[in-house]
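User: Please take a close look at one part of this model. I want the protein surface around the DNA, described in one connected answer.

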There are 2 protein chains.
Amino acid sequence: MSLRHAVLAALLSGEYSGYELAKAFDVGVANFWYARPQQLYLELSKLENDGLISGREVVQRTRPTKRLFVVTDAGLAELAHFAAAVSKSSFIRDDLLVKVQAVDHVDAAPVIAQLDQRAAAAAAKVEILDKILRRLRGDLDEETYLRHGSPIGPYLTCLRGRRFEQEHHDWSVRAAALLRDRATRNGHPAPTSDQSR
Amino acid sequence: MSLRHAVLAALLSGEYSGYELAKAFDVGVANFWYARPQQLYLELSKLENDGLISGREVVQRTRPTKRLFVVTDAGLAELAHFAAAVSKSSFIRDDLLVKVQAVDHVDAAPVIAQLDQRAAAAAAKVEILDKILRRLRGDLDEETYLRHGSPIGPYLTCLRGRRFEQEHHDWSVRAAALLRDRATRNGHPAPTSDQSR
DNA sequence: CTACACATGTAAACGGTTACATGATTAT
DNA sequence: ATAATCATGTAACCGTTTACATGTGTAG
């Protein structure tokens, strides 16, 4: 049970509908978890049934009716309990790393192409996360915010996400360059990052 | 189907038994995937049934009999096919990040304690990965190995794992220090990293 | 004779993904 | 009309985790 707590933690920042949460979890952000919309709707139902969140209908003139959720006292207690329990260690699980691991034995060209794509995607996420960080800290510089700003939790997870993406980007760029260089020296057609423009 | 290819990629480095693979995937290393022993034994059976790997029994005087596996030509073809297919983007999924996200609303002390543990674990993994990297490159310095050394795939994934753990460590240390500092300034008992020695 | 490392599995439960399904409103 | 965005779900499948299960040989 882990998405459960991720949803609770996300709802601490304010009232959200399933649709709004889905955007935060699915697209771009997801600095501390990731989930598909379907999973979120399901989890929100369960959480409401268990009394950990409560939803209210908001009828809109201009848009379809939505349901906004907030964390209840029972939900906060559940989160506190979760935060105090032991957590299993995190690990990398990445298709692309599997491909790179095998790159000595398979055609490198498609792997290089995917590294290029990853680098671009990671760079885009870094920008998104930078925007979020700037919005969070407002006028304060980072050092000051980290010492005195509030909320600190979301800022810290966002920082972690930003560094992860930066790291991911740098590694992808370097790996792609190295593999390209090796392919060239071995007399291959030297696949360039064309992006089919 | 992803563990499947991770196992194939791992077996490219040589002949391994389920037990040996399990140690590489479970303990320490796992620079490109992670799996439990039970899952590996199951996956090895499936891979052998599908003809992607082939196993041979090795009777040992001093130890119980084991089965060593190698990738077949069909297995290599499967890997090549996989390497050329699109991969879904990687993402962070970490219990501890969920806890940090919620740290403004729950007791920070147990979260800080877990950050300390994480930092220590990450530092230990960095050392293990450094050892593996040194062993891989032998006499060559890193730049030279990256340009000319072989195999390059495992070295690159190991580098990625190393940086991930380093990053994980640095962030954990910083987050723990900041949260501790805030707790102290708010007049709390100031939980120190005692480690119950 | 007890604990530990080596060695290999099975079965049930759980969590997550994919595919399927529906419907309102706004902009083109 | 049609596409795009908003909005919410269900059902089947698959991959992963947890718990259970067994047995050999070595070291203390």
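Analyst: Helices here are DSSP runs of H or I with at least four residues, numbered from the N terminus. This is a predicted model.

Start with the overall surroundings of DNA strand C. The strand is surrounded by 24 residues. The closest are Arg36(A) and Thr62(A) from one chain, with Tyr19(B), Gln60(B) and Arg67(B) from the other. By class, this surface holds nine polar, eight nonpolar and seven charged residues.

Next, the elements that build the surface. Chain A contributes through α3 (37–49). Chain B contributes through α2 (18–26), α3 (37–49) and β3 (66–71). Each of these elements supplies at least two residues. α2(B) gives the most, with three residues.

Now the DNA side. Of the atoms of DNA strand C within 4 Å of the protein, 71% belong to sugar or phosphate. The rest belong to bases.

Individual phosphate contacts come from both chains. In chain A, a polar side-chain atom of Arg36(A) lies 2.5 Å from a phosphate oxygen of DNA strand C. For Gln39(A), a polar side-chain atom lies 3.0 Å from a phosphate oxygen of that strand. In chain B, an N or O atom in the side chain of Tyr19(B) is 2.8 Å from a phosphate oxygen. Tyr19(B) is also one of the closest residues to DNA strand C, as is Arg36(A).

Terms used. Residues are numbered from 1 along each chain as its sequence is written. Chains are lettered from A and ligands numbered from 1 in the order in which they are written. This is a predicted model: local features need pLDDT of at least 70, side-chain atom pairs count only at pLDDT 80 or more; totals for chains, interfaces and linings use all residues. Side-chain values use heavy atoms; hydrogens and water are left out. A residue is near a molecule or strand if one of its heavy atoms lies within 4 Å of it. A polar contact is a pair of N or O atoms within 3.5 Å; within protein, one must be able to donate a hydrogen and the other to accept it, and residues adjacent in sequence count only if both atoms are side-chain atoms. Ala, Val, Leu, Ile, Met, Phe, Trp, Tyr, Cys and Pro count as nonpolar, Asp, Glu, Lys and Arg as charged, and the others, Gly among them, as polar.
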